[in-house]
Amino acid sequence: MECIDILEAKGMTFWGNHGLTEDQKSVGQIFQVDIVVHLDMSNQFQEDMLTSGLTYTDLFVVTQKVITGEHHNTIQRVAQRIVDELHALNRPTPIYEITVTVKQPYPSIPNSTLDYTGVTITR
């Protein structure tokens, strides 16, 4: 029987240089990321070892790498890169679905007041 478990990391906050404007690219801004992964953690439950599957640390390290180490024009691309990098880890844990939400708090949109703009993708 297929097990579907959930691994989450929410409220991760990093400084990154993503966006279309020169200020966004040079000065940077804060990005907040939430990740929800549907997977089979049966091996981890049985073995009680971090090496037997995807971990919270994996979610954090991959997100940090993409947000702080890459430069993209859109948060849509940032979200997709996080998904790509999580799949590239090739952990022995079967991943069924990954949902990534990337938020840009207080975006620089003229004459606007917004808490954040964001995108959520599920792959």
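Among contacts in the chain between residues at least 6 apart in sequence, what percentage join residues at least 24 apart? Keep that in mind for a moment, everyone, while I introduce the structure.

What we have here is a predicted model. The chain has 123 residues, and 45% of them count as buried. Along its principal axes, the C-alpha trace spans about 55 × 25 × 20 Å. Back to my opening question: the figure is 63%.

Let's walk along the chain. You will meet 4 helices and 4 strands. Reading along the sequence, the pattern goes β-α-β-α-α-α-β-β.

Now for the sheet. The 4 strands form an open sheet in the order S1-S2-S3-S4, and the pairing is antiparallel. Strand S1, residues 5–16, and S4 stand at the edges; each has a single partner strand, so one side of each is left without a neighbour in the sheet. On average, neighbouring strands here are turned by 15° against each other, if we ignore direction.

How many bridges pair S2 and S3? There are 8, in the antiparallel sense. If you want one pair to find on your screen, look for Ile35, which stands opposite Val100 in S3. On to the next pairing: S3 and S4 run antiparallel and are joined by 7 bridges. Two residue pairs to look up there are Thr101 with its bridge partner Thr120 in S4, and Thr99 with its bridge partner Thr122, also in S4.

Let me stay with S3 a little longer. Is it mostly enclosed or open to the outside? Well, 8 of its 11 residues are buried, so S3 is largely enclosed by the rest of the structure. And here is a handy thing to remember when you look at any strand: in a regular strand, the side chains alternate between the two faces of the sheet.

Next, the helices that lie against this sheet. Helix H3 covers residues 56–69. H3 packs on the sheet and touches S1 and strand S2, residues 29–39, and its direction makes about 30° with that of S1. Helix H4, residues 75–88, lies across S2, S3 and S4, and runs at about 145° to S3.

So how do we talk about two helices that pack together? We describe them by the angle between their axes and the distance between the axes. For H3 and H4, the axes come within 9 Å and cross at roughly 135°. The cut-off for roughly antiparallel is over 145 degrees, and the pair is therefore called oblique. H3 passes H4 in a right-handed crossing. On the H3 side, the contact residues include Asp58, Leu59 and Val62, and on the H4 side they include Val78, Arg81 and Leu86.

I'd like to zoom in on Asp58, because it is a buried residue, with a relative accessible area of 10%. What lies 2.9 Å from a polar atom of its side chain? The backbone nitrogen of Thr55 does. Leaving aside neighbours within four places in sequence, Asp58 is in contact with Gly53, Leu86, Leu89 and Arg91. You may recognise Leu86 from the H4 side of the helix contact.

For the last stop, let's visit the loop between strand S3, residues 95–105, and strand S4, residues 116–122. Ile109 lies in that loop, and Ile109 is partly exposed, with a relative accessible area of 40%. Outside its neighbours within four places in sequence, Ile109 is in contact with Leu114 and Thr117. For a sense of distance, the C-alpha atoms of Ile109 and His18 are separated by 15 Å, and these two residues are 91 apart along the chain.

Two more residues of this loop deserve a look for their backbone angles. Most residues other than glycine have a negative phi. Tyr106, however, has a positive phi of about 45° although it is not a glycine. Tyr106 lies in the loop between S3 and S4 and is exposed, with a relative accessible area of 64%. In Asn111, phi is near 55°, again a positive value in a residue other than glycine. Asn111 lies in the loop between S3 and S4 too, and it is exposed, with a relative accessible area of 88%.

That's my tour. Thanks for listening, and do turn the structure around for yourselves!

Technical notes
Residues numbered from 1 in each chain as written. Predicted model: local features only at pLDDT ≥ 70, side-chain atom pairs only at ≥ 80, totals over all residues. Heavy atoms only, no water. Buried < 20%, exposed > 50% of the residue type's maximum accessible area, 1.4 Å probe, protein only. Polar contact = N/O pair within 3.5 Å; in protein donor to acceptor, adjacent residues only side chain to side chain. Contact = heavy atoms within 4.5 Å. Pairing = 2+ DSSP bridges. Axes fitted to C-alpha atoms, helices over the stretch in contact; angles between N-to-C directions. Parallel < 35°, antiparallel > 145°, perpendicular 65-115°, else oblique. Left-handed = near helix turned anticlockwise from the far one by under 90°.
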